[in-house]
Structures are given as C-alpha cells and as structure tokens.
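User: Could you take a close look at one helix here and at what surrounds it? I'd like one connected walk-through rather than a list.

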Amino acid sequence: MKPEVSGSAAEDPSPTDGELVRRAQQGNQRAFDELIVRYQRQAVAVSYRLLGNVHDALEVTQNAFLKGFTSLGSLQNPDSFAGWLMRIVSNLSLNFRRGRATRSTMPLDELVEGPQSDGGWRISDSSDPVHELESREMGEKLREAMGQLPEKQRLALIMFTMEQMPQKQVADALECSVEAVKWHVFQGRKKLRELMKDYL
Amino acid sequence: MDLNDFEFLLTQYLDGTLSADQRQSVEQRLNADPQAKTLLEQYRKLDQALAMDSTTLEAIRWDRLSAHISDKVDERNSTPIFSFSWLSSAAAVAAMLLVVVGIWKVYLQQPAAHLGSPHPEVAMDVNVPEAAQTTDVVSDISIAAPQDPAVLAKYQTLSADKPVITLVGLSNNSMSPAR
C-alpha cells in the first residue's frame, strides 16, 4: 500500500495522532500509513543518533513501525503515540547495537540518494577544508562523549536537544515525568560540557 | 543559589522554558558575573554542536521509505500470525484443559461415598422411580441398605437418635435404611 502524504486517512485534513491511532486500531491501515509519514524522519534520526549508521537506522525504523503496528492494541493512550513509538525505536536501536543484528534487508540503494554515509557526525556543513576537519574532529569527540553518558541522559539529549521533540513526548518515550526529562537533559549537558571543554 | 542550581537554570534559559521572573534573575546574574557569562557561552556552543547537520538524513528518500514500510505493514497485516509464542500459549491452554477434563472425569467416577458425605461408610443407593419424583408419592421410594453388617450396625446406631435422610416436602417424615 502506498501512503499518501496528506488527506489520506479520512475526511479530516489533519487528524490528531490519537484519531489516527484509533482508526488504525479499528483496522484502517491508511491511518497507520499517515503515522508512518509523520514519524519516519524522527524515528530514523533518533535511531541514527544511537547507532551512528544510517543503514542500521533505516532497518530499525522499519522494524519499529512493524512492531508498533502489531502492538497498537496495547497502546493505552492513543494521543501518546509519538512517545510510545520513540520508546520502541530507542529500545530496538539499543538492542540492535548490543547484538549487531543481521545486516539490512532494506533496499538501501533505492532509499538513500548519493554516496552512502560513513556513519560520522559532522558539526557544520562548511566548505572550508580546515573548518571541515575541525568539525569532523569535534563531531567524533562529541559522539565519543555521548557514548559515555548514562542511557537515559543520552536518550533525553538526543530526543529533546538534538531532535527537539516536545518534553512531554520525551517523557512518554522514557516513561518518566517532564521534570525528570529536564533533569536528565541537564545532567547530560553538564557532563558533556566537562568532557568537551577543550572544544568549547 | 549554588552553581549547580544556576547551571540548571542557565540550560533552561537556553531552552526558553523559564518563567519571566526566573529569566530576569538569570539575566541579572549574567550581567554581573563574567564567569556565568562564560558558562552560558559554553552551553550555547555545546547545543550548536549537538545540532548535527542533517546532510545524511537529507539523502534519504522519505517518500520511498514510507511506501516501503507501508508495504511491509501490509504484508504483516495479511499474514496470520502464528508465532512460536502464540503456539506455545495455545498448547499450554490445551494441555491445561485436558488435565482439568481428566480430573473431572475421575472425580465423577468416584463412589458417592467420596462426594463429601459426613458418614461415607453408610453411603447407599436411593432409588426414586420416575413417577415418584414428586412430594405426593413417597411410598415407592426404596433405599438399599449397606451390605456390610459392620457398616449397617454403625449406621443404625447413628440413625437411632436423629433422622438421616429427610425428603424435601414431607414434613415430620424421615427415613432410614433400618425401616
């Protein structure tokens, strides 16, 4: 089935996540397609930040949506779909990293344009070679420093500071309060500032 | 306010989540304390560094990805799910049902004496003709006494001071096998 990006789920031009989830729970797969369109980018981004590899992130994203679809009946609050999905994405990503599961079954050549990523982080898109080198070095250092953070702090930083997800959504994903999200983000930033002090 | 509390407020300041009063308080300290200003700059640079360029993700063909995932969901949706866990759960339920039915059958085959009589040794057969299954006809009811003389003797002792069987609907009537 090919999802249509807008106006496909029903007459309502922009149904809420909760409405789409309820329709999907009643067997309307087009409503779920709309949710895929809405959250695929966020899912890939969160997974990519955790795995550092776009191919693995695509694989995890596909699996997260499949798992989300089959578990949709267990979602108590349809309005919290985004946070719930990001929880699945982060859990699958962490499991993927621990197990380094089998290689991708995704048609990557069709899904990614141009030269494929080496998995490195870059801080800026500068065309200046010196700046580019510095930004690559800083990117590597940052990635290393992120790897030293406790899981919740890392996830809170990725979702809130990097992906700019709403705090409530992050709280749903991490199964904690909004206040706890603020605290995890702060602790993560503080530790990163210490680890990155030579670059700041 | 200690440095840790101030740092917390400073990051909230950068996120724009402070109340007007808190924001004013942070700004006053930033104006008065150069160290606080340096701290703010460090956090600002860190946030910029965290905002990684999205070149890699921009290379993804999102329309194709959503179509691909949707197809996979469609496949999953049209395939009956007989996972190992589903099968093992079904097998466990079936086994439990078999055990329960088996126990129930064994239970039903036990003599009446095992069904909770307060005096199991004096259990007996009560034969009520079909036509007599009303309160009007009582004379046709026969009771087969226990065959074992020892059991019968005990039963007679028991029945001497109180009725053993009372038929519903027959006031002041009681029956015992001794009759």
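Analyst: Let's start with a cut-off: buried means under 20% relative accessible area, and exposed means over 50%. By that rule, Q167(A), Q169(A), V170(A), A171(A), D172(A), A173(A) and L174(A) in α8(A) are buried. One thing to keep in mind throughout is that this is a predicted model.

So α8 of chain A is the part to look at. The helix covers residues 167-174, and seven of its eight residues are buried, so it is largely enclosed by the rest of the structure. What encloses it? The buried residues of α8(A) pack against four other helices of chain A, namely α2, α4 (81-99), α7 and α9. For context, chain A has nine helices and zero strands, and 56% of its 200 residues count as buried.

Now look inside the helix. K168(A) forms a salt bridge with D172(A), and their closest N and O atoms are 2.8 Å apart. Both residues sit in α8 of chain A, four residues apart, which is about one turn of the helix. The geometry here is textbook: an α-helix has 3.6 residues a turn, so residues three or four places apart point the same way. And side chains of opposite charge can pair when their charged atoms come close. D172(A) is also one of the buried residues of the helix.

Next, the two ends. On the N-terminal side, the loop between α7 and α8 of chain A holds Q164(A). Q164(A) is not a glycine, yet it has a positive phi of about 55°. Is Q164(A) buried or exposed? Its relative accessibility is 64%, so Q164(A) counts as exposed. On the other side, E175(A) comes just after α8(A) and takes a positive phi of about 55°. E175(A) is not a glycine either, and it lies in the loop between α8 and α9 of chain A. With 60% relative accessibility, E175(A) counts as exposed. So, for a helix that is largely enclosed because seven of its eight residues are buried, the loops on either side each have an exposed residue: Q164(A) at 64% relative accessibility and E175(A) at 60%.

The loop before the helix has something else worth a look. E163(A) and R49(A) meet through their side chains in a salt bridge, at 2.9 Å from N to O. That pair links distant parts of the chain: E163(A) is in the loop between α7 and α8 of chain A, R49(A) is in helix α2 of chain A, and 114 residues separate them. Both partners are tucked away, too: E163(A) counts as buried at 15% relative accessibility, and R49(A) counts as buried at 9%. Recall that α2 is also among the helices that the buried residues of α8(A) pack against. Links across the sequence are a feature of the whole chain: among contacts in chain A between residues at least 6 apart in sequence, 63% join residues at least 24 apart.

Some of the helices around α8(A) also face the partner chain, so it's worth zooming out once. In total, 50 residues of chain A are in contact with 41 residues of chain B. The two chains bury about 4,600 Å² between them, with 64% of that on carbon and sulfur atoms. On the chain A side, R189(A), R193(A) and L200(A) lose the most area to chain B, together 14% of what that side buries. R193(A) also forms a salt bridge with E7(B), where the closest N and O atoms are 3.6 Å apart. Across this interface the rule finds three salt bridges, and twelve residue pairs are in polar contact. Several helices of chain A each supply at least two residues to the side that touches chain B, including α2 (29-51), α7 (151-162) and α9 (178-195). The largest share, eleven residues, comes from α2(A). By type, the residues on that side divide into 30 nonpolar, eight polar and twelve charged.

Back to the helix, then. In the model, α8(A) has buried residues packed against α2, α4, α7 and α9 of chain A, a K168(A)–D172(A) salt bridge within the helix, and a salt bridge from E163(A), in the loop before it, to R49(A) in α2.

Notes
Residues are numbered from 1 along each chain as its sequence is written. Chains are lettered from A and ligands numbered from 1 in the order in which they are written. This is a predicted model: local features need pLDDT of at least 70, side-chain atom pairs count only at pLDDT 80 or more; totals for chains, interfaces and linings use all residues. Side-chain values use heavy atoms; hydrogens and water are left out. Contact means heavy atoms within 4.5 Å. Buried area is the accessible area (1.4 Å probe) that two parts lose on being put together, summed over both. A salt bridge is a side-chain nitrogen of Lys or Arg within 4 Å of a carboxyl oxygen of Asp or Glu. A polar contact is a pair of N or O atoms within 3.5 Å; within protein, one must be able to donate a hydrogen and the other to accept it, and residues adjacent in sequence count only if both atoms are side-chain atoms. Ala, Val, Leu, Ile, Met, Phe, Trp, Tyr, Cys and Pro count as nonpolar, Asp, Glu, Lys and Arg as charged, and the others, Gly among them, as polar. Buried means under 20% relative accessible area, exposed over 50%, partly exposed in between (1.4 Å probe, protein chains only).
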